[in-house]
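Visitor: Could you walk me through this model? I would like short answers, with the reasoning shown.

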Amino acid sequence: MKRYEKFVFEAGKLIIRALNIATANVYSTNYVNPPIPEGYKHVCGEWNNGFVIERCSDGSQFVWIPVGSLDSNGTLDGEHFSKKFGRRNYMNNEFSDDEFNEALNDELLEQLESVKKYGGFYISRYNISKSSEGKPQSVKGVMPWVNINFDDAKKVASTIEDNEAVKSHLTFGAEYDSVLEWFIKTEVKTLAEIAEDSTEWGNHWNTENSPKKGVETGTREEWCANNIYDFAGNVGEWTQEQNESSYCVVRGGNFFNDGCSCPVACRVCNRPDGKYCFTGFRATLYIK
C-alpha cells in the first residue's frame, strides 16, 4: 500500500492529510500480450494455453504465466490469501503446519513489481539441463541437471540470463503455485490431480510403464500441461521457499516416489547442502 499526502486549506490553514491507496493487488490487464524480450522469439502457443518464447542463442524455451488472469487466492505473507501472485495451500493445512515461509524482499519483491507491470512472468519450459559446454539451458531431449545442492542451483539459475532487460533466478514458491493455479484456472488439470494424485501426468514410480528412473526432458506429451513439461514427477525441483528449520522446499514429486504420496503440490523439505539424483530445478525470468 502506498502512502500519499493531500494538501488542503481549511479556515485559512494548510492541513496535510495522509491518503492510503491500495496498490498491492493491481496487475496489468495486458497479460494477453506477453512481452517478448530482446534476443527471444515466439515459437508456439497463445497467452492462455502456453505462450512459448525461445532464446535465439541456444534454443532455451520459457512459458508465459498470465498471473493477471488468476483468482485472488494466493498469499505473500503466509496468512492472508488474497493475492493473484503467491503461494497456495493445496494440501490439508500442510502449508501452515510446517510454517513454510518466503520473505518478500530482493528478487521476489522485484518479481512482484514486474508481474504487476506486465501481468505475468516466464518460467522454464523444461527442467534446467547442462549443455555440452556446461552451461544451463531449458531445452527438450536431455537429462535434467541433478545432483546439485540448493546453493549451487540458485547460483546456476541466476546465470541463465542477466542483462539490462532480463534477469533469471531459481523459482520461488509464489511462482510455482501461480503456475499450478493457472493449470486449474485453464482446466488442463484439476485440484485433485495437483493435490491428491499426479500419477497420470508425471514420471512417478507408480506411473504405468514408468522406467523407474529419471528420463530426458519432454519425453512424453502426456507429461505436458499448457506447454510446460515434467512439472509433475521425473525430478523434483528446488525452490526458494523454506520451512521453519531453514530446510529448502522441493516441489513437483519425482520418479523415486509415487504420484499419490508425493503429488505435484507436495512440499518436501531437504537439507540445502544435499545432492540427489532425483532433484533438479527450474528458472524463472524477471523482466525489468
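The questions and answers below go through strands, salt bridges and surface charge in this predicted model.

Visitor: Which strands pair with strand 6?
Guide: Strand 5 (residues 61-65) is joined to strand 6 by 4 bridges, and the two run antiparallel. Another partner is joined over 2 bridges, again in the antiparallel sense. The partners are strand 5 and strand 18 (residues 283-287).

Visitor: Which residue of strand 6 stands opposite Trp64, and which one stands opposite Thr284?
Guide: Trp64 has its counterpart in strand 6. Thr284 belongs to strand 18, and its counterpart is Ile123. For Trp64, the residue is Tyr122.

Visitor: Are the faces of strand 6 covered or open?
Guide: Strand 6 spans residues 121-124. On one side, Phe121 and Ile123 are buried. On the other, Tyr122 and Ser124 are buried too. Both faces are therefore covered, given that buried means under 20% relative accessible area.

Visitor: How many salt bridges does the structure hold?
Guide: One of them joins Glu161 to Arg55. Another is made by Arg88 and Glu181. The total is 14.

Visitor: How many residues apart in sequence are the parts tied together by Glu161 and Arg55?
Guide: Glu161 and Arg55 form a salt bridge, with the closest N and O atoms 3.3 Å apart. Glu161 lies in the loop between helix 3 (150-159) and strand 9 (166-170), while Arg55 is in strand 4 (residues 52-55), so the pair ties together parts that are 106 residues apart.

Visitor: Is Arg55 buried or exposed?
Guide: The cut-off for buried is under 20% relative accessible area. Its salt-bridge partner, Glu161, has 9% and is buried. Arg55 has 10% relative accessibility, so Arg55 counts as buried.

Visitor: How many residues apart are Arg88 and Glu181?
Guide: Their side chains meet in a salt bridge, at 3.8 Å from N to O. Arg88 sits in the loop between strand 5 and helix 1, and Glu181 in helix 4 (residues 173-185); they are 93 residues apart.

Visitor: Why does Arg88 count as buried?
Guide: Buried means under 20% relative accessible area. Glu181, across the salt bridge, is buried with 7%. Arg88 counts as buried because its relative accessibility is 2%.

Visitor: Which residue forms a salt bridge with Arg267 at 2.6 Å?
Guide: Arg267 is in the loop between strand 15 and strand 16, and its partner is in helix 4, 90 residues apart. Both residues are buried. The partner is Asp177.

Visitor: Which residues are linked with Asp177 in a network of salt bridges?
Guide: Arg267 forms a salt bridge with Asp177. The network takes in further residues as well. Linked with Asp177 are Arg87, Glu241, Arg251 and Arg267.

Visitor: What separates the C-alpha atoms of Val264 and Arg251?
Guide: Val264 is found in the loop between strand 15 (248-251) and strand 16 (268-270). Val264 counts as buried, at 0% relative accessibility. Val264 and Arg251 are 13 residues apart along the chain, and their C-alpha atoms are separated by 6.4 Å.

Visitor: Which residues gather with Asp97 in a patch of negative charge?
Guide: Asp97 is placed in helix 1 (residues 94-97). With 55% relative accessibility, Asp97 counts as exposed. The patch lies on the surface, where Asp97 gathers with Asp98, Glu99 and Glu244.

Conventions: Residues numbered from 1 in each chain as written. Predicted model: local features only at pLDDT ≥ 70, side-chain atom pairs only at ≥ 80, totals over all residues. Heavy atoms only, no water. Patch = residues over 30% accessible without salt bridge, like charges linked within 9 Å, V, L, I, M, F, W, Y side chains within 5 Å. Areas by Shrake-Rupley, 256 points an atom, 1.4 Å probe, with all protein chains shown as cover. Salt bridge = Lys/Arg side-chain N within 4 Å of Asp/Glu carboxyl O. Lys, Arg positive; Asp, Glu negative; His and termini not counted. Charge placed at Lys NZ, Arg CZ, Asp CG, Glu CD. Buried < 20%, exposed > 50% of the residue type's maximum accessible area, 1.4 Å probe, protein only. Pairing = 2+ DSSP bridges.
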